[in-house]
Amino acid sequence: MPLQKRHRDFGWLFIVCAGLFPLVLGILCTAIEARHTVRQQQIAAAGTLLAQAEKMSDSAWDMITTLRQYQHRPCAEIEETLQRTGTLNAYFRSIGMLQGDRISCSSAYGLGHGRLSEMMMQPPPVTGKAWWSLSIRGTLGVPARPAVIFVRQLPDSSGFWAVIDGQYLMDFMHAMGESRGYQMSLQFNGGAIIHSGPGEQPAQLYIKSAEYHATSARYPISVHVTVPASELIKSWRQALLIFLPMAAIFSILLMVLTANWLRRRLSWADEIRRAMRNRQFTVHYQPVYSTEIERCKGAEALMRWQLPNGEMIRPDIFISHAESEGMIVPLTRHLLELMAEDLQSWPVEPGFHIGFNLAAEHLQHPDFVQDMMRFARRIRHKQMVITLELTERSLIEDGELVARKLRHLQSHGMKVAIDDFGTGHCSLSYLLTFPLDYLKIDRGFINAIEGLETETPVLDTIITLCHKLQLDVLGEGVETALQFAYLRQRGVGLIQGYYYARPMDNDRLQAWLSEQGRQPLSAEVTHEPELHHPG
Ligand SMILES: Nc1nc2c(ncn2[C@@H]2O[C@@H]3COP(=O)(O)O[C@H]4[C@@H](O)[C@H](n5cnc6c(=O)[nH]c(N)nc65)O[C@@H]4COP(=O)(O)O[C@H]3[C@H]2O)c(=O)[nH]1
């Protein structure tokens, strides 16, 4: 499948993913939000139920305190009062008195009516406490309806009890849970469970019901609120209804933005590919002057892109797009192809330098060394010195591996230069670590030259450093006789810039080399840069 087609396919995938992203995110967020809302409602419902159960417990213990005044009074005497008290107070099924484990008096049955365990249809709990309460399945009189019993035992083995009818609690839970489909239950002291709903419901679509458990700080009461999966889904669906239109708008927006971004992205990569095929790229060469041998010692290759309508695209623009869109390696290979063709007819002596820029990505590429060696083989008969111009950024990543590759290429006669020195992130330690031959001082430092005798501290420091490290130094962007004279005076061996020569196409360069390439450059004569050349 051609590369271009593959990119387009991926483009659709990108757009679809961008469209799905807000939807998927929305579905997840609404699910979390629905659970959160349900949890808040569960907490509130459990709190209300606990408060009600505590209120009933307060009433029961108040009742038992009231009963205390009847202690030691015969049942016949207080039976009626008990009946009235029990009936007039809300919640109570029956109240009464105990003697040991026997019921000595009851508001429901009057005098002595069996044992406590018979009335509550189960043995009393062994709590070791004088006060206790317990939820029970039913009482002897009303066996099918749960209740809560509260007992106070006195040291003389007499005691009091009150039974709260579970129906109150069941009605309360039912009223609270019905509208939202909750199932609620509560227990006193780990006794029988009093609940409102039908019990457990099955999970739906792997969504489990939401459980919430709370206990009272004042009494041994625990409550349980269960929201079945169906209710969770309902609440999720409601959240989705609100969110989905918004998500759909976001989705469309993101798809449009992604499509636009991709179109621009793809179009640069596509355009570069097409331009390579249609030979829209050419190479211009800018001569480099040696102050030692006083003539042209080499040239730097600079790529040019001319559209069919004659418009030129600036190299810094297309190079940065090629770098960001993964096209810099093919483009550099193309450059080497074009150079190899051009260089065949150059009228130069062995040892002439030919430099070109390399992007960081190419240095990391597994075929980097192979690419350079292939180029070297193609121009071997010209016996030129190939100079690889790297930016400081190239050395930051994978430094050890890059250094090894560069050393290998140096062993085949290639030179390594750092381009635009002083503008990147180069640490001075790199100068020692990497196998460098040249430093190319950035134009910015050259521009700072004001007079032949005036110091230019940073520039002077870089030049001194190069000398100390025995690196060749090249001044870039030299535009005036003053800059040229300054650099030559301070021992800068190589000069590149409009003052000497502008970049020019292959034909013009060959003519230039034959006519001017061997001539020395004077710093005394006012030397107007050639302004008419395209580039
Ligand atoms: N003002 C001024 N400018 C001068 C003077 N002398 C040379 N220049 C310009 O300075 C740039 C030098 O190239 P660079 O620093 O490698 O900077 C290059 C390099 O980073 C990149 N580039 C150009 N061709 C290639 C290429 O084939 N491959 C790669 N990777 N990058 C390239 O694009 C940048 C710009 O290239 P160009 O526009 O050709 O710009 C060139 C050149 O035309 C001067 O005296 N004054």
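**Ligand shell**

I started with the shell around the ligand and asked which element gives the most to it. Strand S12 does, with four residues. This is a predicted model, so I kept to the rules that local features need pLDDT of at least 70 and side-chain atom pairs count only at pLDDT 80 or more, while totals for chains, interfaces and linings use all residues. Residues are numbered from 1 along each chain as its sequence is written, and side-chain values use heavy atoms, with hydrogens and water left out.

Next I noted where S12 runs: residues 295–306. Helix H6 (315–324) and strand S16 (415–421) are also on my list, since each of these three elements supplies at least two residues of the shell. Helices (H or I, at least four residues) and strands (E, at least two) are DSSP runs, numbered from the N terminus.

I then looked up the shell members. There are 20 residues around the ligand, and Arg 304, Asp 419, Arg 443, Glu 479 and Tyr 498 come nearest. My cut-off for being near was a heavy atom within 4 Å. By class I get eight nonpolar, four polar and eight charged residues. For the classes, Ala, Val, Leu, Ile, Met, Phe, Trp, Tyr, Cys and Pro count as nonpolar, Asp, Glu, Lys and Arg as charged, and the others, Gly among them, as polar.

**Polar contacts and cover**

Which ligand atom does Arg 304 reach with a polar side-chain atom? An oxygen, at 2.9 Å. The side chain of Arg 443 has an N or O atom 2.9 Å from a ligand nitrogen, and for Gln 286 I read 3.0 Å, also to a nitrogen of the ligand. My limit for a polar contact was a pair of N or O atoms within 3.5 Å. Taken alone, the ligand exposes 790 Å², and the protein buries 83% of that. Those areas come from the Shrake-Rupley method with a 1.4 Å probe.

**Backbone oddities**

I went looking for positive phi outside glycine. Most residues other than glycine have a negative phi. Glu 294 has phi near 55°, and I found this residue in the loop between strand S11 (281–290) and S12. Asp 420 has phi near 50° and belongs to strand S16.

Are these two buried or exposed? Neither label fits: Glu 294 is partly exposed at a relative accessible area of 38%, and Asp 420 is partly exposed too, at 26%. I used under 20% for buried, over 50% for exposed and partly exposed in between (1.4 Å probe, protein chains only).

**Pairs far apart in sequence**

I checked three C-alpha pairs.

- Phe 281 is in strand S11 and is buried, with a relative accessible area of 2%. The C-alpha atoms of Phe 281 and Gln 306 are 6.5 Å apart, with their positions 25 residues apart along the chain.
- Arg 273 is in helix H5 (residues 229–277) and is buried at 11%. Pro 330 is 57 residues away in sequence, and the C-alpha distance from Arg 273 is 8.6 Å.
- Ser 104 is in strand S2 (residues 102–106) and is partly exposed at 23%. I got 8.8 Å between the C-alpha atoms of Ser 104 and Ser 158, which are 54 residues apart along the chain.

Conventions:
A polar contact is a pair of N or O atoms within 3.5 Å; within protein, one must be able to donate a hydrogen and the other to accept it, and residues adjacent in sequence count only if both atoms are side-chain atoms.
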